[in-house]
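Visitor: Could you pick one spot in this model and take me through it closely? Once we've had a good look there, carry on to whatever else catches your eye.

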Amino acid sequence: ACGSGNSGSTTTGASSGTGSTGETASTSTDSGSILAVGSTALQPLVDQVAQKFMADSKYANISVQVQGGGSGTGLTQVSEGQATIGNSDVFAAEKLDADKAAELVDHQVAVVAMAAVANKDANVKGLTKQQLVDIFTGKVTNWKDVGGADQKIVIINRPSSSGTRATFEKYALGQKTEDPAGSIQQDSSGTVKKLIAETPGAIGYLALSYLDDSVAELSYDGVEPTVENVEAGKYPVWAYEHMYTKGEPDASTKAFLDYMLSDDVQKSDVTQLGYIPISGMQVQRDAEGKVTKK
Amino acid sequence: MPMPFSTEDLSIYYGEFQAIKNISMGFPAASVTALIGPSGCGKSTFLRSLNRMNDEIAGSRSTGHIWMDGIDLTAPHTDVIKLRQRIGMVWQRPNPFYKSIYENIAFGPRYYGIKNRKQLDEIVETSLRRAALWDEVKDRLKDSALALSGGQQQRLCIARALSVNPQILLLDEPASALDPVSTGKIEELITELKKDLRIVIVTHNMQQAARVSDYTAYFYLGTLVEHGETDQIFTNPEKNSTQEYIMGRFG
Amino acid sequence: MPMPFSTEDLSIYYGEFQAIKNISMGFPAASVTALIGPSGCGKSTFLRSLNRMNDEIAGSRSTGHIWMDGIDLTAPHTDVIKLRQRIGMVWQRPNPFYKSIYENIAFGPRYYGIKNRKQLDEIVETSLRRAALWDEVKDRLKDSALALSGGQQQRLCIARALSVNPQILLLDEPASALDPVSTGKIEELITELKKDLRIVIVTHNMQQAARVSDYTAYFYLGTLVEHGETDQIFTNPEKNSTQEYIMGRFG
Amino acid sequence: MTTQTQILRSKARKRAKTADKVATVVIIVFALSIVAILLGLIGFIMFRGLGHISWHFLTSNPQTIREGGGIGPPLFNSLYLLVLTMIITIPLGLGGGIYMSEYAKPGKITSFIRLVVEVLSSFPSIVIGLFGLLVFVNTFEMGFSLLAGALALTIFNLPLMVRITEQAFSGVPREQKEAGLALGLSKWKIITSIMLPVAIPSLVTGTILAAGRVFGEAAALLFTSGMTTPPLNFSDWNPLHPRSPLNPLRPAETLATHIWKVNSEGLAPDAIQIAAGASAVLVIMVLLFNLFARWGGRTLYRYMTASKRMN
Amino acid sequence: MEHSKVTPREAQRRRLPLEKHRIEDWIGRIYTSICVVFLIATIVSIVYFVTSKGVATFAVNGVSFADFFFGTRWAPDASPPAFGALPAIAGSFLVTLLAAAIASPLSIAAALFMTEIVPTFGKRILQPAIELLSGIPSVVYGFIGLTLIVPFLRDHVGGQGIGVGAGALVLSIMILPTITSVAADALANLQRGQREASYALGATRWQTIYRVVLPTVLPALLTGIVLGMARAFGEALAVQMVIGNAPFIPTSLLESASTLTSIITLGMGNTAMGSIQNNALWSMALVLMLMTFVFIMIIRLLERRNRI
Ligand SMILES: Nc1ncnc2c1ncn2[C@@H]1O[C@H](COP(=O)(O)OP(=O)(O)OP(=O)(O)O)[C@@H](O)[C@H]1O
Ligand SMILES: Nc1ncnc2c1ncn2[C@@H]1O[C@H](COP(=O)(O)OP(=O)(O)OP(=O)(O)O)[C@@H](O)[C@H]1O
Ligand SMILES: [Mg+2]
Ligand SMILES: [Mg+2]
Ligand SMILES: O=P([O-])([O-])[O-]
């Protein structure tokens with residue numbers, strides 16, 4: 001995620017709207033305001049859903065504010081009680097101290113998958129895990145060594161604090177890497193895509209939502225990075241998008257989180273924005289990375 | 001008691017440099033005193049210290065006294081602002097406010113609490129009349145003061161000084177930037193005004209000093225060399241250097 | 001042929017404003033010509049145009065001619081740089097370069113291609129001697145020129161002008177910022193130098209003009225009112241306004 | 001003069017003239033290349049962006065994934081943030097500048113204050129952004145908000161404003177001040193009634209130029225006013241309502257941060273055009289600020305000094 | 001004026017008649033003093049907060065000074081993490097010096113053009129042009145860098161396009177106006193007598209510029225360059241977009257490198273406040289702040305020399 005910052009406004013107390021409007025549906029007499037802060041990767045989704053949510057007359061008394069700032073920020077803020085919801089691309093335990101992470105309740109709202117992506121001229125269709133490791137650790141520096149054109153490899157990484165990179169390293173490479181000399185680091189997925197498309201010999205990784213014709217996505221150990229393969233558990237490079245609350249959510253927050261997981265949202269907004277709905281997943285994964293069939 | 005308006009042992013320093021050296025002199029009422037002397041001898045400095053304007057210059061300080069009706073103007077608790085209301089001042093280069101002619105004159109009286117429009121109008125007219133400017137500007141009081149010619153501006157500045165009814169008027173080379181005609185008018189004005197006021201004038205122009213002043217003081221390198229009636233100073237000075245200056249104006 | 005150094009019908013404009021109006025006058029050899037007149041009458045402008053220094057001011061332009069040994073200095077193809085090497089100039093405020101005393105003098109000759117150290121040393125000494133400064137500075141030639149007093153700086157500037165052996169020397173109120181002693185020295189110097197050079201000097205000081213000059217030209221509002229031998233101008237001017245100016249120095 | 005030195009002279013002169021010509025050409029080429037760079041840059045930005053600017057673009061909401069997003073809220077935020085910043089900066093900057101030019105006596109304290117102003121004006125904006133994050137956003141619990149952003153920009157702008165004011169006031173002729181003193185006016189009255197009107201033209205010019213600088217600032221805002229805008233209700237102008245565009249406690253993405261975001265995150269298919277269009281708008285705004293500052297300063301000067309009635 | 005000491009009681013008695021002009025002067029004095037106090041409070045708190053956060057890396061997390069300032073390995077998420085900031089520090093200095101090297105001759109030439117060669121055209125066209133350059137926001141420069149300079153370098157010079165060279169180019173355009181306007185001011189303020197004296201000796205324009213004008217205003221020119229460098233050193237977004245951000249000391253101008261500012265913007269949002277990764281970024285901000293002080297000190301020294 002790019003940008004950064006924390007958010008401090010404790011909005012839970014500051015109720016907005018008129019609490020006693022009798023017209024609202026009897027299911028929800030809650031009123032309150034929710035502040036969701038964090039991951040910029042998740043922000044577009046939460047933003048869009050929040051607007052839909054607030055437009056729904058059932059929840060007329062609940063207002064949702066969404067801010068970016070990055071996963072680290074979101075987790076810090078929710079853990080310190082400054083935000084209601086902390087959006088994160090990674091499990092809280094990876095960023096926070098164990099005792100702080102233990103206080104947080106995880107709500108997984110979507111799945112996002114990453115693919116290795118190369119410049120089209122590299123002339124490579126797919127790579128094995130070992131080949132990827134060799135490339136990203138700087139052992140292999142020319143595409144011809146992995147069956148491609150005779151072209152120097154240019155690595156385009158995300159910053160080490162990025163969720164995309166964390167996911168890619170954890171599930172595709174199986175190890176943390178350090179940027180080899182001469183590699184490029186870019187702050188955001190948009191720029192990474194642009195550079196991969198433009199720079200001969202470039203390789204990087206992107207969330208599936210960013211993929212288009214300008215770059216070549218690579219199969220991983222022979223498996224194509226498609227939604228179907230992810231849902232079926234064949235393609236391993238994916239992660240959850242989390243919305244953390246400190247302790248169990250209060251009624252209005254719960255209403256919003258439930259709304260987030262409703263079919264109405266999962267089938268339209270989630271897919272529309274390039275995420276994979278949680279409901280479609282045939283497998284699930286815990287914080288340690290253990291995959292089990294649902 | 002010293003003369004109602006006089007200095008006693010006045011010295012003025014700019015940092016280490018002593019620009020005025022222990023000058024004691026009085027300014028008689030209803031008369032014009034001219035300060036003359038070569039460039040840099042301290043005339044302006046001395047004149048500006050008479051209403052403590054020189055205080056405003058960073059690094060300047062003074063010792064000695066300035067007496068005005070028994071009050072020591074240099075005493076620490078003297079209300080400088082109030083005293084300045086009784087001493088008018090006009091500079092070498094006319095410096096009207098960037099306002100209309102009317103506002104230039106009305107500004108001071110209004111500040112002193114005169115709010116009544118009629119009263120103000122009257123003050124403006126009287127002051128402009130006293131400065132012999134009324135007829136030239138009465139139809140355009142709302143125009144910018146900067147639209148006036150140099151000579152008119154200078155008379156406006158005199159009118160402004162008169163607007164608050166000062167008892168003393170300090171003039172620092174008031175005509176040196178003006179053409180001969182304007183100069184003549186200013187000189188006339190001075191002769192007219194001295195009936196009501198004490199006037200102190202700095203000038204480089206010996207003819208002017210001779211024409212307008214009753215007393216003349218000759219300064220040299222910060223000291224008061226000679227001081228006396230103008231006629232005597234010009235015709236028969238005591239000191240050689242005075243004579244030399246008046247005749248030759250070296251430097 | 002006109003006089004070896006003279007102007008013919010010279011006019012100078014700043015934008016629309018005509019500061020000098022059709023002046024024709026000559027400067028005889030081995031003599032001092034003084035330019036006098038009230039402030040703003042165009043003395044400096046005229047003087048500065050004599051070595052086409054006024055060209056450097058944005059917006060100024062001139063018509064007419066300046067003759068020097070038969071060459072028209074205002075002609076478009078005239079080599080201004082070359083001509084300036086033959087005309088020295090000194091300003092009202094001393095303006096030594098921010099360099100050592102030695103470098104101030106050696107600056108010009110070095111640009112004329114004199115690289116030989118000995119030759120340069122010689123030029124520096126001669127020039128400083130001619131400007132009556134040698135004895136005062138010979139032990140500290142490497143010091144900054146700015147460490148000198150105002151009067152010394154001004155003589156240094158004269159020495160600098162002399163270093164390139166000019167045939168004409170233009171002086172714009174060279175002593176007006178100086179004390180009487182320094183002024184005296186500069187005046188002596190001028191009298192000494194005129195043996196070899198044509199000198200043109202602007203001054204506000206009538207005594208000075210009378211003392212040092214052979215010819216005097218009185219300017220008023222951009223026109224040359226009167227021009228003649230100094231004695232005659234000072235004792236018996238043809239024009240009334242000249243007399244008035246010299247006697248009274250109005251304004 | 002010997003013929004030898006004459007020959008030397010003419011040779012040296014020739015060489016000097018050649019050097020002069022060469023140097024002049026080099027300087028002119030360098031200077032013109034700056035003009036070329038400028039024209040190139042502006043031309044490039046306009047060429048890429050102008051085509052995309054339309055009324056719809058200027059007024060509609062940004063889109064995350066769909067085409068056709070606009071820059072309405074960011075544009076509004078930029079302007080509103082600027083207003084907020086100026087509301088805080090101008091009184092503080094005026095006071096500081098007046099102190100420096102009228103009250104400060106030369107000495108240790110004054111030179112310390114001068115140092116403070118100098119240091120403050122050369123702090124990297126990212127440092128100020130981080131400070132804002134720590135203090136305004138977190139410690140004072142303002143959250144990512146317009147207010148936090150405005151305060152950060154104030155820090156950024158204040159030293160400039162102080163300097164502008166100080167210069168404007170010291171540019172007032174000394175004689176004006178003395179004329180006031182001689183009339184027996186208090187210093188404060190002189191400052192406000194005599195000097196201020198004379199100083200206003202350069203104050204206005206300087207302030208608008210400073211505003212232009214603030215308008216394009218992004219680094220300090222990423223951390224303070226945030227990178228999002230909540231849905232706004234443009235018919236509700238009560239600053240206390242959460243959906244009101246005027247609510248100073250809401251997060252706000254400005255035009256500059258929007259460009260930064262679109263340029264990097266851009267999911268929408270027309271992200272590049274949007275970045276180009278927004279850049280063009282930003283540059284046009286800065287251009288307008290410049291023109292307006294010059295024009296405003298000149299007009300005010302004419303008005304204040306009534307010099308149009310002169311001549 | 002020299003005043004004798006005033007006893008407090010006397011002072012109070014004197015203040016009693018609260019006349020209008022006294023009240024006004026009190027208002028003015030208090031108001032302006034408050035503003036100044038606010039200024040000072042601002043800087044004190046900035047220095048305090050940035051320092052206390054920046055020092056935490058060493059004091060709380062126990063990273064050693066030597067590792068931070070001289071370590072060349074920046075791997076905050078490795079285990080064990082490494083916090084060598086040298087590559088970023090070196091990168092900051094490198095782009096700053098390069099940018100100054102590119103911009104200074106251009107700027108000084110432009111200033112000379114404006115003051116010595118064609119003042120009219122210079123004042124009317126060049127000066128506004130340069131003011132405009134200074135008004136273009138840095139994100140726009142970043143955008144231009146990414147869409148214009150990077151592809152240009154990649155296609156015509158070689159390498160990846162992104163890298164130190166691109167960063168220095170973008171920065172040099174950004175600091176052009178700073179250096180130019182300081183240089184132009186210095187040149188314009190030079191007493192015209194200096195120039196005229198040289199011309200009167202028959203020197204050409206270039207001789208005058210080279211031997212009289214430039215040496216005299218040199219300290220001021222250097223001040224302008226240092227001011228430009230200070231700006232380049234602290235610039236964040238534009239550089240970050242085009243420099244590549246790899247935490248290595250580059251071996252060629254076409255290679256990717258990082259600066260203090262780019263590492264800070266990359267990491268600040270994705271690290272949790274108080275974590276060692278986050279604190280290390282604040283240490284970098286502290287270095288940025290200290291460098292500001294260094295730049296100001298240099299400028300002050302130069303200005304002292306300027307007074308001759
Ligand atoms: N602000 C100042 N700081 C330091 N020295 C000053 C200052 N003002 C004047 N002086 C010095 O004090 C001396 C007297 O100056 P002053 O202006 O009073 O002379 P003056 O007689 O009015 O000269 P002039 O006829 O040229 O106006 C001069 O040597 C001058 O250099
Ligand atoms: N650079 C300029 N631009 C426009 N007008 C100018 C310029 N320099 C001088 N003038 C005007 O030209 C006229 C002559 O000026 P000049 O300096 O030659 O007078 P002067 O006789 O030397 O006066 P002083 O005795 O005060 O030195 C004046 O009216 C002046 O205002
Ligand atoms: Mg004086
Ligand atoms: Mg002159
Ligand atoms: O921007 P990220 O989602 O990779 O943290």
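Guide: Let's start at ligand 1, where one of its oxygen atoms sits 3.0 Å from a polar backbone atom of G42(B). Keep in mind as we go that this is a predicted model. Next to that glycine in the chain, C41(B) also offers a polar backbone atom, 3.2 Å from an oxygen atom of ligand 1. S44(B) brings in its side chain instead: a polar atom there lies 2.6 Å from a ligand 1 oxygen. Zoom out a little and you'll count 14 residues around ligand 1, with S39(B), G40(B), K43(B), S44(B) and T45(B) coming nearest.

Now hop over to chain C and ligand 2. Here 13 residues surround the ligand, and the closest are S39(C), G40(C), K43(C), S44(C) and T45(C). The backbone takes part here too: an N or O backbone atom of G42(C) is 3.0 Å from an oxygen atom of ligand 2, and a polar backbone atom of C41(C) is 3.3 Å from a ligand oxygen. From farther along the sequence comes E173(C), with an N or O atom of its side chain 3.5 Å from an oxygen atom of ligand 2.

On to the strands of chain A. Strand β1(A), residues 32-38, runs parallel to β2(A), and 7 bridges join the two. One of the pairings to look for is G32(A) with I62(A). To get from β1(A) to β2(A), the chain goes through helix α1(A), residues 43-55, and that β-α-β crossover is right-handed. As for β2(A) itself, residues 62-69, 8 of its 8 residues are buried, so the strand is largely enclosed by the rest of the structure. Both of its faces are covered: I62(A), V64(A), V66(A) and G68(A) point one way, S63(A), Q65(A), Q67(A) and G69(A) point the other, and all are buried.

β1(A) has another neighbour in β3(A), again parallel, over 3 bridges. Look for V37(A), whose bridge partner in β3(A) is G86(A). That strand, residues 85-88, is covered on both sides as well, with I85(A) and N87(A) on one and G86(A) and S88(A) on the other, all buried. The direction changes at the next pairing: β3(A) and β11(A), residues 238-246, run antiparallel and are joined by 4 bridges. I85(A) pairs there with T245(A).

Two helices round off the tour. Take α6(D), residues 146-170, first: its 25 residues reach 34 Å from first C-alpha to last, close to the 36 Å expected at 1.5 Å a residue. There's still a kink in α6(D), about 40° at N157(D), shortly before the proline P159(D). Of the 25 residues of α6(D), 20 are buried, so this helix is largely enclosed by the rest of the structure.

Then there's α9(E), residues 205-234. A straight helix of 30 residues would span 44 Å at 1.5 Å a residue, but α9(E) spans only 38 Å between its end C-alpha atoms. Look at L218(E) and you'll find a bend of about 60°, with a proline, P219(E), following within four residues. α9(E) is mostly covered too, with 21 of its 30 residues buried.

How values were computed
Residues are numbered from 1 along each chain as its sequence is written. Chains are lettered from A and ligands numbered from 1 in the order in which they are written. This is a predicted model: local features need pLDDT of at least 70, side-chain atom pairs count only at pLDDT 80 or more; totals for chains, interfaces and linings use all residues. Side-chain values use heavy atoms; hydrogens and water are left out. The expected span of a helix is 1.5 Å times one less than its number of residues. The bend at a residue is the angle between axes fitted to the seven residues ending there and the seven starting there. Buried means under 20% relative accessible area, exposed over 50%, partly exposed in between (1.4 Å probe, protein chains only). Two strands pair if DSSP finds at least two bridges between them. A crossover is right-handed if, with the strands pointing away from the viewer, the path from the first strand over the helix to the second runs clockwise. A residue is near a molecule or strand if one of its heavy atoms lies within 4 Å of it. A polar contact is a pair of N or O atoms within 3.5 Å; within protein, one must be able to donate a hydrogen and the other to accept it, and residues adjacent in sequence count only if both atoms are side-chain atoms.
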